[in-house]
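Good morning, colleagues. Please take a moment with the sequence and the model before I go through the architecture, the packing and a few individual residues.

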Amino acid sequence: MDMPDSPASSWVIDDRLKRLVREAQRVSVLTGAGISAESGIPTFRGDEGLWKQFRPEELASMDGFLANPRIVWEWYRFRRDVIGGAQPNDGHLALARWESLIPEFTLITQNVDGLHTRAGNRNLIELHGNLWRDRCLECGRTVEASEEVISGQAELPECNCGGRLRPDVVWFGEMLPEDEWRRADEAASLCDLFLAVGTSAVVHPAAGLPRLAKTRGAVLVEINPEATPLSGWADYTLFGPAGQVLPELLELVGT
Ligand code: OAD
């Protein structure tokens, strides 16, 4: 795998990229946990990542949930506490503003934290679900976390139908929601400019979207302080934090 060096916080927006950003009318963006890092939300991989301290097979799989729903709910409530206290950062806000400035802007996220919606993006595809929603294992109905009713002796949230509720997020081994995936595939296929922001680009199928965009003719720009499997073949890798690089790109839009 071609992994170029990633000097911390060093990026150059050259004249060609400036022109591409100014002129792009159809922009699609894929975000990962890195965009929320500057809001104080831990990422999954890397030295400080959540998957260094916690076991995904216990906390983010159907088998783990069936074996110990209480632990899984405890983990998701802990994450709601952390994320509930966080605010969208300059990276999220730049993407919301960008959407308001050009005709076609699609934001595809792997994040379940809801910060893109809070920042103001509306044409948003949440590929991995949303932490603030539950889904019934029996009837499939979705319920906002704020409407959760905890009943019975198990102290686990239940649906009106009596079925068990689970967090409405995609777990390991599960398919992505069909409609969201179709829209993401289309947005990657039909854009002029594709940004991959704050993702380690190792979790498929989301990690395949940047390559799809590039093969369909988009210019691919990666924004990440570290090198990833995308860095070797992206048109540009801007090695820096999303909260600084995105506002700098945004300044060019519409100028
Ligand atoms: P990862 O934790 O794998 O990767 C986060 C990326 O963000 C890394 O490449 C970091 O270098 C980068 N990063 C850190 N700080 C940054 C900053 N300030 N600005 C920009 N980038 C920064 O997170 P994801 O790629 O989102 O899946 O992980 C993908 C999926 O794996 C998640 O959606 C989750 C996880 O298991 C599910 O839960 C289904």
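The protein has ten helices and eleven strands; helices (H or I, at least four residues) and strands (E, at least two) are DSSP runs, numbered from the N terminus. This is a predicted model, in which local features need pLDDT of at least 70 and side-chain atom pairs count only at pLDDT 80 or more, while totals for chains, interfaces and linings use all residues. Residues are numbered from 1 along each chain as its sequence is written, and side-chain values use heavy atoms, with hydrogens and water left out.

Let me begin with overall dimensions. The C-alpha atoms fill a box of roughly 65 × 35 × 30 Å along the principal axes. The radius of gyration is 19 Å, which agrees with the value near 18 Å for a compact globule of 255 residues; this radius is taken over C-alpha atoms, and the globule rule is 2.2 Å times the number of residues to the power 0.38.

The accessible surface comes to about 12400 Å², of which 48% belongs to carbon and sulfur atoms, with areas from the Shrake-Rupley method and a 1.4 Å probe, only the protein chains shown counting as cover for residues. Of the 255 residues, 50% count as buried; buried means under 20% relative accessible area, exposed over 50%, and partly exposed in between (1.4 Å probe, protein chains only). Among contacts (heavy atoms within 4.5 Å) between residues at least 6 apart in sequence, 68% join residues at least 24 apart.

I turn now to the interior. In soluble globular proteins, nonpolar side chains tend to be buried together. A nonpolar core, as used here, is a set of buried Ala, Val, Leu, Ile, Met, Phe, Trp, Tyr and Cys residues joined through side-chain atoms within 4.5 Å. Which members of the largest core touch the most other members? They are Trp 98, Leu 193, Val 221, Leu 246 and Leu 249, in a core of 30 residues. Several elements each supply at least two residues of this core, among them α1 (15-23), β1 (26-31), α6 (90-101) and β9 (193-197). Helix α10 gives the most, with five residues.

Leu 193 shows how this core is joined up: leaving aside neighbours within four places in sequence, its contacts include Val 21, Val 27, Trp 98, Val 219 and Val 221. A second, separate core of 22 residues includes Leu 50, Trp 51, Tyr 76 and Val 112.

Tyr 76 brings us to the aromatic residues. A search of the whole structure finds five aromatic pairs. Rings of Phe, Tyr and Trp (its six-membered ring) pair if their centres lie within 6.5 Å; planes under 30 degrees apart count as stacked, over 60 as edge-to-face and the rest as tilted. Tyr 76 and Trp 171 form a tilted pair, 6.3 Å centre to centre with 45° between the planes. Tyr 76 lies in helix α5 (69-84) and Trp 171 in the loop between β8 (165-169) and α8 (178-189), so the pair ties together parts that are 95 residues apart in sequence. Tyr 76 is buried at 3% relative accessibility, and Trp 171 is buried at 2%. Ring pairs link these two with Phe 65, Trp 75 and Phe 78 into a cluster.

Trp 171 has a further partner: Arg 166 lies over its face, 3.8 Å from the ring centre. A charge sits over a ring if NZ of Lys or CZ of Arg is within 6 Å of the ring centre and within 35 degrees of the ring normal. Arg 211 lies over the face of Trp 233 in turn, at 4.2 Å from the ring centre.

Helix α5 also holds Arg 80. Is Arg 80 buried or exposed? Arg 80 is buried, with a relative accessible area of 9%. Its contacts beyond four places in sequence include Trp 73, Trp 132, Asp 134 and Glu 148.

Finally, consider the loop between β9 and α9 (209-215), where His 204 is found. His 204 is exposed, with a relative accessible area of 60%. The peptide bond from His 204 to Pro 205 is cis, with omega near 10°. Ala 201 is placed in the loop between β9 and α9 as well, and its phi is near 55°, a positive value in a residue other than glycine. Ala 201 is buried, with a relative accessible area of 9%.
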